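These are my notebook entries on one protein chain. I record below what I looked up, entry by entry.

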Amino acid sequence: MMSISNVNDPDYLVKHSQHGYLSEQDSEKGMFLGRGSLLKKRHGKEVDKEGFYDLINYKPGEKRTNYGKTKDGKEKSINYGTELVFSAPKDWSILVNLVDDETRLKMNNAWQDMVKQTAKTIEENTFYRKKVKGKVYYELAKAVEIAAFNHHTARTIDDRPDMQEHVHFTIAPKVLGQDGKYYSHTLKDLVQEKSSNEKKKQATLHHFDQVAQQHLAKFLQRELGLNVTRGINDSFQIE
């Protein structure tokens with residue numbers, strides 16, 4: 001399943017383990033991905049606090065509402081970027097906790113490959129608005145910077161951690177346009193994305209989710225010889 005939201009509290013992200021990608025508890029060190037990170041010469045490197053703050057254009061201690069006012073007098077909120085979260089089907093999370101060390105290593109490597117492929121897919125489908133002579137156009141971003149963080153548990157159940165493999169993709173608020181200038185992207189608009197097929201709303205988010213799931217499912221079939229069938233809400237399950 002793929003969800004999307006705004007990055008609302010950078011300090012909270014750093015300090016707390018549940019959503020705190022730089023803590024040592026329920027998370028691993030993040031990794032910079034996307035062509036945007038290549039431009040800043042940190043592609044594939046571990047995410048550090050300074051680099052993460054630079055990616056989301058955050059200055060520690062600043063208030064989210066010091067960005068001026070809207071036309072109706074309301075305070076604007078600073079845009080710290082967008083967060084996409086992919087959660088693996090439950091069967092994957094259970095299996096990775098049951099297998100031997102060698103198989104777990106293979107599964108973790110397959111997961112990392114999935115993260116890179118999904119980040120690439122997100123970048124290939126990130127657009128920005130550009131106004132030319134009064135008309136608004138949508139153009140594909142030339143470069144996007146992403147920080148990806150793996151987590152292994154969800155919220156606790158009866159004071160025990162619930163196994164749930166998932167990855168957070170934090171996308172920088174600005175993307176490089178085709179003209180070499182930086183623009184705010186339109187990823188958050190995907191929440192309201194419409195489709196000609198009423199049963200297939202949010203088609204792009206669904207596409208991101210299916211890219212990730214397909215990568216994991218193929219690994220289970222080809223490398224571990226398991227039978228994989230369709231589960232609920234276009235997820236997969238292991239027989």
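**Entry 1: threonine 82**

Does threonine 82 count as buried or exposed, and at what relative accessibility? I first noted that the model is a predicted one. I then found that threonine 82 has a relative accessibility of 2%. Buried means under 20% relative accessible area, so threonine 82 counts as buried. I located threonine 82 in strand β3, which covers residues 82-87. Leaving out residues up to four places away in sequence, I listed what threonine 82 touches: Ile4, Ser5, Val7, Phe169, Thr170, Ile171, His185 and Leu187.

**Entry 2: the chain as a whole**

I counted six helices and eleven strands in the chain. The chain has 239 residues, of which 42% count as buried. I looked up its exposed surface and noted about 14,100 Å², with carbon and sulfur atoms supplying 48% of that area. I also looked up contacts between residues at least 6 apart in sequence; 60% of them join residues at least 24 apart.

**Entry 3: leucine 205**

Where is leucine 205 found? I placed leucine 205 in helix α6, residues 203-222. Its relative accessible area is 4%, so I entered leucine 205 as buried. Setting aside neighbours within four places in sequence, I found leucine 205 in contact with Met2, Ile4, Leu84, Leu190 and Glu193. I also looked up isoleucine 122, which is 83 residues from leucine 205 along the chain; the C-alpha atoms of the two are separated by 9.1 Å.

**Entry 4: asparagine 150**

I found asparagine 150 in strand β6, residues 146-157. With a relative accessible area of 9%, asparagine 150 is buried. Which side chains does the side chain of asparagine 150 meet in polar contacts? One such contact, of 2.7 Å, joins asparagine 150 to the side chain of tryptophan 111. Another, of 2.6 Å, is made with the side chain of glutamine 112.

**Entry 5: aromatic rings**

How many aromatic pairs are there? I noted a count of five aromatic pairs. One of them is formed by phenylalanine 52 and phenylalanine 149, whose ring centres are 5.6 Å apart. Their planes stand at 85°, and an angle over 60 degrees counts as edge-to-face, so I entered the pair as edge-to-face. This pair links distant parts of the chain, since phenylalanine 52 belongs to helix α3 (residues 49-55) and phenylalanine 149 to strand β6, 97 residues apart. Both phenylalanine 52 and phenylalanine 149 are buried. I also recorded a cluster in which ring pairs link Phe86, Trp92, Trp111 and Phe219. Trp111 is the residue I had met in Entry 4 as a partner of asparagine 150.

I then looked up a charge beside a ring. The charged end of arginine 42 sits over the ring of phenylalanine 32, 4.7 Å from the ring's centre.

**Entry 6: two lysines with positive phi**

Most residues other than glycine have a negative phi. I therefore looked up two lysines, beginning with lysine 41, whose phi is positive at about 60° although the residue is not a glycine. I placed lysine 41 in the loop between α2 (35-39) and α3. At 68% relative accessibility, lysine 41 counts as exposed.

Lysine 133 also has a positive phi, of about 50°, and is not a glycine. I found lysine 133 in the loop between β4 (127-132) and β5 (135-140). Its relative accessible area is 86%, so I entered lysine 133 as exposed.

Definitions and conventions: Residues are numbered from 1 along each chain as its sequence is written. This is a predicted model: local features need pLDDT of at least 70, side-chain atom pairs count only at pLDDT 80 or more; totals for chains, interfaces and linings use all residues. Side-chain values use heavy atoms; hydrogens and water are left out. Helices (H or I, at least four residues) and strands (E, at least two) are DSSP runs, numbered from the N terminus. Buried means under 20% relative accessible area, exposed over 50%, partly exposed in between (1.4 Å probe, protein chains only). A polar contact is a pair of N or O atoms within 3.5 Å; within protein, one must be able to donate a hydrogen and the other to accept it, and residues adjacent in sequence count only if both atoms are side-chain atoms. Rings of Phe, Tyr and Trp (its six-membered ring) pair if their centres lie within 6.5 Å; planes under 30 degrees apart count as stacked, over 60 as edge-to-face and the rest as tilted. A charge sits over a ring if NZ of Lys or CZ of Arg is within 6 Å of the ring centre and within 35 degrees of the ring normal. Contact means heavy atoms within 4.5 Å. Accessible areas come from the Shrake-Rupley method with a 1.4 Å probe; for residues, only the protein chains shown count as cover.
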